[in-house]
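Biologist: Could you take me through one part of this model with care, keeping to the charged side chains and how they pair? I would like the pairs described one after another, together with how far each partner is covered.

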Amino acid sequence: MKVIIAPDSFKDSLSAQSVAKSIALGWQTIFPEAEILICPMADGGEGSIEAVLDICKGEWREQSVQGPLGNPVLARWGWLKTEKIALIEMAQASGIQYLTPTQRDACITSTFGTGELIVAALDVGAKEIILTLGGSATNDAGTGLLSALGARLLDKNHHPIAAGGLALQHLAKIDLTDFDPRIAKTKFVLAADVTNPLCGENGASYIFGPQKGATPDQVLQLDQALAHFADLSALLLGHDKRNEQGSGAAGGLGFAAKAYLNAEFRSGVEVIAELNHLSSKIQGADWVITGEGKFDGQTLNGKTPFGVAQIAQAANVPVIVIAGALGENYQTLYDYGVSAAFSLTSGPMNLNEACINAADLIYERTIDIARLIKMSDIKK
C-alpha cells in the first residue's frame with residue numbers, strides 16, 4: 001500500500017509537517033508495512049515556504065528590513081540554492097501580524113520591506129523569485145516594493161511622495177531611471193488564492209482595506225489613489241494590469257508585480273505542489289490524505305485540499321480529508337476529487353482545547369479511518 005500524506009497546516013495549532021507526521025504515525029499503527037510519503041502542503045499563505053523547504057532541502061535566510069510602518073523587523077525567506085529559487089512570503093516583511101489593531105492604518109503602511117527581501121534574493125543570484133501574498137498589512141499597490149527596487153515616485157514638484165496608498169493621490173511622475181536592471185532577467189511568480197482586481201467594489205481597498213484599518217471614507221480615497229497610480233502606470237508602461245486576476249492581492253502588490261516585474265500569477269497550491277513534485281508522488285498511490293483547519297465550501301477557492309484533490313483525481317487516486325472542523329457545504333468537495341472527509345473532535349470541545357490536543361486528535365482519527373479501510377479490505 002502506498003499512501004501520500006499532503007496536508008496544510010492547522011492554523012494556530014500545527015505546521016503542515018507536524019500534521020503530516022501525526023497522520024503518518026496513525027496510519028502506520030494499523031498498516032505498519034505501508035509505504036508512506038510525507039509531502040507538507042500550503043496554498044500560498046502562511047507556512048508556504050516551510051512546506052517547500054521541508055521537501056526540497058532548502059535553507060532559511062534572514063534579513064533586517066522595514067516593517068509595514070517603517071520600523072525594523074527581522075524577516076525570513078527561503079532559498080533553494082541548487083535551483084537558485086528564492087521564496088519570499090511578503091507577510092514576513094509587510095504582514096499584519098506586526099501591528100496591533102490600533103496600529104493598523106491602510107493609508108500609510110508600506111511594502112518597502114518586501115522589496116528589500118527581493119533585493120536580498122537578487123544579491124545572492126536568484127534566477128526565479130516566488131512571492132506568496134497572504135497576510136498583508138498594506139494597501140499601497142506595491143509602490144513601497146517598487147521604491148525599494150529603485151523606482152522614484154514623485155509629486156508635481158518632483159519631490160518623493162510619502163509612503164502608503166493614500167499618498168498616491170499626489171503622484172505625478174514614476175521615474176524608473178534607477179530601477180534595478182536585474183529585474184528584467186529574473187522570473188517572478190505570484191502564489192496566491194486572491195483573484196480580486198486592483199480597483200472597484202471588488203478591489204483591494206474595498207474588500208481588504210477595512211480589516212487593515214481603513215474607514216469607509218478612506219476606502220473610497222484609497223481606491224481612487226490606486227486607480228490614479230494605475231492610470232500613470234498604464235501611460236508609462238503601455239499596458240494596464242489593474243483588472244487582471246490577482247492584481248488586488250496583498251493590497252495591490254499583485255498589480256505592481258504584474259505590471260513592473262512581469263510576474264506570472266498562479267494558484268498558490270499549484271505552485272507549492274509543483275515545487276514539491278506532488279503529482280509524480282501521487283502516481284501509483286492507493287490513498288492520498290490531506291487536510292486543513294476548517295474544511296468547507298470556501299475550500300473550493302484555491303485552498304490546499306481542493307488543489308491536492310484535483311491532482312489526485314487526475315491520477316484516479318481516492319482522497320481522504322482530515323480537518324479540525326467540517327463547515328457549511330463541505331460536501332461540495334465530493335464533486336472535485338474528495339472521497340470522504342472527517343473532523344477531529346468526537347465530542348464537545350472548545351477551540352483552544354482542540355488546538356492544544358490537535359496532534360493526538362489527528363493520530364486517533366487516522367487510526368479510526370485506517371481501521372475502517374483495513375476491515376473493508378479483509379471482507380473483500
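Modeller: What follows is a close look at the salt bridges around the loop between H7 and H8, with a short look at helix H4 at the end.

The model is a predicted one, and side-chain atom pairs are counted in it only at pLDDT 80 or more. A search of the whole structure gives 11 salt bridges, and I begin with those that involve Arg-242. Its partner Asp-231 forms a salt bridge with Arg-242 in which the closest N and O atoms lie 2.7 Å apart. This pair links distant parts of the chain, since Asp-231 sits in helix H7 (216-237) whereas Arg-242 belongs to the loop between that helix and helix H8 (249-261), and 11 residues separate the two. Arg-242 also meets the side chain of Asp-240 in a salt bridge, at 2.9 Å from N to O.

As for how covered these side chains are, Arg-242 has a relative accessibility of 14% and therefore counts as buried, the cut-off being under 20%. Asp-231, at 38% relative accessibility, counts as partly exposed, and Asp-240 is partly exposed with a relative accessible area of 38%. Arg-242 is thus a buried residue that forms salt bridges with Asp-231 and with Asp-240.

The loop between H7 and H8 holds another charged residue to consider, Glu-244. Glu-244 forms a salt bridge with Lys-258, and the closest N and O atoms of that pair are 3.1 Å apart. Here too distant parts of the chain are linked, because Lys-258 lies in helix H8, 14 residues away from Glu-244 in the loop. Glu-244 is partly exposed at 31% relative accessibility, whereas Lys-258 is buried, with a relative accessible area of 8%.

Elsewhere, a network of salt bridges links Asp-123, Asp-180 and Arg-182. Helix H4 covers residues 112-123 and has 12 residues, reaching 17 Å from its first C-alpha to its last, which is close to the 16 Å expected at 1.5 Å a residue. Several residues of H4 are buried, among them Leu-117, Ile-118 and Leu-122. After H4 comes Gly-125, with a positive phi near 95°.

Notes:
Residues numbered from 1 in each chain as written. Predicted model: local features only at pLDDT ≥ 70, side-chain atom pairs only at ≥ 80, totals over all residues. Heavy atoms only, no water. Salt bridge = Lys/Arg side-chain N within 4 Å of Asp/Glu carboxyl O. Helix = DSSP H or I, 4+ residues; strand = E, 2+ residues; numbered from the N terminus. Buried < 20%, exposed > 50% of the residue type's maximum accessible area, 1.4 Å probe, protein only. Expected span 1.5 Å × (residues − 1).
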